[in-house]
Amino acid sequence: MSETNIFNQYMNKTNTIVKNKKILQSTYVPENLPHRDDKIGEIAEILSPALSNDKPSNILIIGKTGTGKTAVVNFVGNELKKICEMNKDVSQCAFIYVNCEVVDTPYGILYNICNQIITDPAKKIPFTGWSIEKILSEMTKIVEEENKIFIIVLDEIDRSIQKNGDDIFYYLTSVNDVTKNSKISIVGITNNSKFTELLDTKIRSRLSEEKIIFPPYNVEQLKDILYDRAKEAFIEGMINDDVIPYCAALSAQEMGDARKALDLLRMSADLAERNGDSKVTVAHVKLARSKIEVDATTEIVKTLTDQSKVVLFSIILNKEKGMEFQKTGDVYTTYKIVCENIDMSVLTQRRVGGLISELDMLGIIHARVKSFGKAGRTKEIELIIPKETIQMVTGDELFVNYLNHKSRKQTTLI
DNA sequence: TGTCCACTGGAAGGGAGGGCTT
DNA sequence: AAGCCCTCCCTTCCAGTGGACA
């Protein structure tokens with residue numbers, strides 16, 4: 001049995017191109033963050049009062065995806081932890097990181113923060129069941145007992161605000177009103193520059209006591225970042241000279257996103273290795289680029305709920321019928337037919353409109369509101385996913401019966 | 001200038017599901 | 001077991017909207 005294990009062939013495979021893949025991950029925090037020294041200094045300066053037990057100002061960090069916001073904040077956080085561990089004379093502080101894209105409910109955020117503070121497993125907070133008031137009073141208690149400055153980083157903070165409003169700030173800042181020994185400072189990270197408009201004016205001024213803007217990287221800066229990582233990650237000489245400039249140029253076009261540049265480099269190396277090639281070349285980068293695009297949308301489509309899939313399927317059907325631009329009403333008409341055929345409950349047009357907006361936000365479709373005069377005002381919808389993803393949707397088991405039914409009736413398949 | 005269309009999008013609330021407390 | 005809480009998904013209601021048209 002063990003002789004035929006499917007993984008046997010990979011067991012003794014040595015890396016031929018990359019010696020340390022971890023370094024090419026965008027989540028990896030390197031020792032050195034090129035072109036962000038000024039931002040590191042700025043944040044460190046603002047947070048430094050924590051070392052003398054004073055509450056630092058709250059910070060709001062704004063910048064596009066892949067501009068190093070999270071990496072810089074975590075870097076500063078790690079440094080802060082190190083100095084607290086090494087130097088028992090300084091006031092102790094805690095650095096807590098929560099990604100609001102992963103946990104986006106007020107309860108989830110508070111639960112996450114508390115359980116990072118609580119060390120005793122028996123005292124951990126249950127992931128559901130408590131009221132917000134209860135979790136908040138528990139949090140106030142443990143924060144006060146710890147006698148520290150707490151720096152709480154809320155990454156992708158706009159996600160939570162869009163969904164739940166700014167309650168979470170009331171909760172967190174209210175802790176400071178009660179505690180005497182400990183205080184909480186909030187570091188909010190967002191890639192939405194208009195995010196503060198969503199906030200109550202009082203909260204807005206409180207949260208953005210200090211505002212730091214992260215500009216996108218230019219080609220030269222992206223090159224430096226990639227060279228820096230490649231030096232550590234790759235076996236010497238395994239990457240063509242033109243690969244990094246090419247990756248940097250592509251990513252600079254896409255808003256100076258370092259995360260994308262690293263993904264591109266990593267994927268290119270993966271493809272070269274899997275292909276058994278001796279070196280990474282520009283051809284691998286080109287291939288990696290299209291693969292990343294397909295993978296990203298495929299991943300999103302996979303996680304859609306059944307109802308969203310039906311809405312997307314209806315848009316695909318309409319497009320196959322020749323409707324390049326379709327209206328909400330067109331989608332809803334097709335949607336109802338599909339639902340009836342696959343025995344799924346039909347949602348209201350209001351809800352389907354909401355699902356269409358969600359698909360737009362996920363980048364699967366383009367939906368813009370347009371007025372057609374007497375013909376009304378509605379969304380104009382355009383499908384923008386690659387062919388491979390469309391095939392994945394139409395191949396979903398949810399629609400097998402629908403397509404079989406259609407073919408029996410000898411109408412166009414899709 | 002007012003009317004009309006086909007929605008949009010906000011607000012409020014219902015109900016199911018998961019889990020805690022008493 | 002009953003009561004409570006939070007989240008998610010959904011419905012219902014309704015004011016608002018942009019632009020063609022009379």
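Reader: Why is Cys 84 called buried?

Author: This is a predicted model, so every value here is computed from it. Cys 84 has a relative accessible area of 3%. Buried means under 20%. The value falls under that cut-off, so Cys 84 is buried.

Reader: What makes Cys 247 buried or exposed?

Author: Its relative accessibility is 0%. The cut-off for buried is under 20%. Cys 247 therefore counts as buried.

Reader: How do you know whether Cys 84 is in a disulfide?

Author: Look at the sulfur atoms. A disulfide needs a pair of cysteine sulfurs within 2.5 Å. For Cys 84, the nearest cysteine sulfur is that of Cys 93, at 3.4 Å. That is not within the limit, so Cys 84 is in no disulfide.

Reader: How many disulfides does the rule give?

Author: The count is 0.

Reader: What makes Ile 6 exposed, partly exposed or buried?

Author: Ile 6 has 62% relative accessibility. Exposed means over 50%. So Ile 6 counts as exposed. Its place is the segment before helix H1 (8-11).

Reader: Which residues make a nonpolar surface patch with Ile 6?

Author: Phe 7 and Tyr 10 join Ile 6 there. The patch covers about 380 Å². A patch residue needs over 30% relative accessible area. Ile 6, at 62%, therefore meets that condition.

Reader: What is notable about the phi of Asn 53?

Author: Phi of Asn 53 is near 60°. That is a positive value, and the residue is not a glycine. Most residues other than glycine have a negative phi. Asn 53 sits in the loop between helix H2 (37-47) and strand S1 (59-63).

Reader: Why is Asn 53 called partly exposed?

Author: Asn 53 has 35% relative accessibility. Partly exposed lies between the 20% and 50% cut-offs. The value falls in between, so the label fits.

Reader: What is the phi of Met 255, and where does this residue lie?

Author: Met 255 has a positive phi of about 65° although it is not a glycine. Met 255 lies in the loop between helix H10 (243-253) and helix H11 (258-274). At 47% relative accessibility, Met 255 is partly exposed, because exposed means over 50%.

Reader: What about Ala 249: why is this residue called partly exposed?

Author: Ala 249 is part of helix H10. Its relative accessibility is 31%. That lies between 20% and 50%, so partly exposed is the right term.

Reader: How far is Ala 249 from Met 392?

Author: In sequence, the two are 143 residues apart. In space, they are 31 Å apart, C-alpha to C-alpha.

Reader: Why is Ser 182 called buried?

Author: Ser 182 has 0% relative accessibility. Buried means under 20%. So Ser 182 is buried. Ser 182 lies in the loop between helix H7 (167-178) and strand S4 (183-190).

Reader: What makes the pair of Ser 182 and Val 143 a polar contact?

Author: The Ser 182 side chain reaches the backbone oxygen of Val 143 at 2.5 Å. A polar contact needs N or O atoms within 3.5 Å. The distance meets that limit, so the pair fits on distance.

Reader: Now the DNA. Which residues are closest to DNA strand B?

Author: DNA strand B is surrounded by 18 residues. Thr 128, Thr 328, Arg 350, Lys 374 and Gly 376 are the closest. Of the atoms of DNA strand B that come within 4 Å of the protein, 69% belong to sugar and phosphate.

Reader: What makes Thr 328 a polar contact of DNA strand B?

Author: A polar side-chain atom of Thr 328 lies 2.5 Å from a phosphate oxygen of DNA strand B. The limit is 3.5 Å, so this counts as a polar contact. Gly 373 uses a backbone N or O atom, 3.2 Å from a base oxygen of DNA strand B.

Reader: Which element gives the most to the surface near DNA strand B?

Author: That is S8, with 3 residues.

Reader: Which residues come nearest to DNA strand C?

Author: They are Tyr 107, Ile 132, Lys 163, Ser 371 and Gly 373, out of 18 around DNA strand C. Here sugar and phosphate make up 74% of the strand's atoms within 4 Å of the protein.

Reader: How does Gly 373 meet DNA strand C?

Author: A backbone N or O atom of Gly 373 lies 2.9 Å from a base nitrogen of DNA strand C. That is within 3.5 Å, so this is a polar contact.

Technical notes. Residues are numbered from 1 along each chain as its sequence is written. Chains are lettered from A and ligands numbered from 1 in the order in which they are written. This is a predicted model: local features need pLDDT of at least 70, side-chain atom pairs count only at pLDDT 80 or more; totals for chains, interfaces and linings use all residues. Side-chain values use heavy atoms; hydrogens and water are left out. Buried means under 20% relative accessible area, exposed over 50%, partly exposed in between (1.4 Å probe, protein chains only). Patches are made of residues with over 30% relative accessible area and no salt bridge: like charges are joined within 9 Å, nonpolar side chains (Val, Leu, Ile, Met, Phe, Trp, Tyr) within 5 Å. Accessible areas come from the Shrake-Rupley method with a 1.4 Å probe; for residues, only the protein chains shown count as cover. A salt bridge is a side-chain nitrogen of Lys or Arg within 4 Å of a carboxyl oxygen of Asp or Glu. Helices (H or I, at least four residues) and strands (E, at least two) are DSSP runs, numbered from the N terminus. A residue is near a molecule or strand if one of its heavy atoms lies within 4 Å of it. A polar contact is a pair of N or O atoms within 3.5 Å; within protein, one must be able to donate a hydrogen and the other to accept it, and residues adjacent in sequence count only if both atoms are side-chain atoms.
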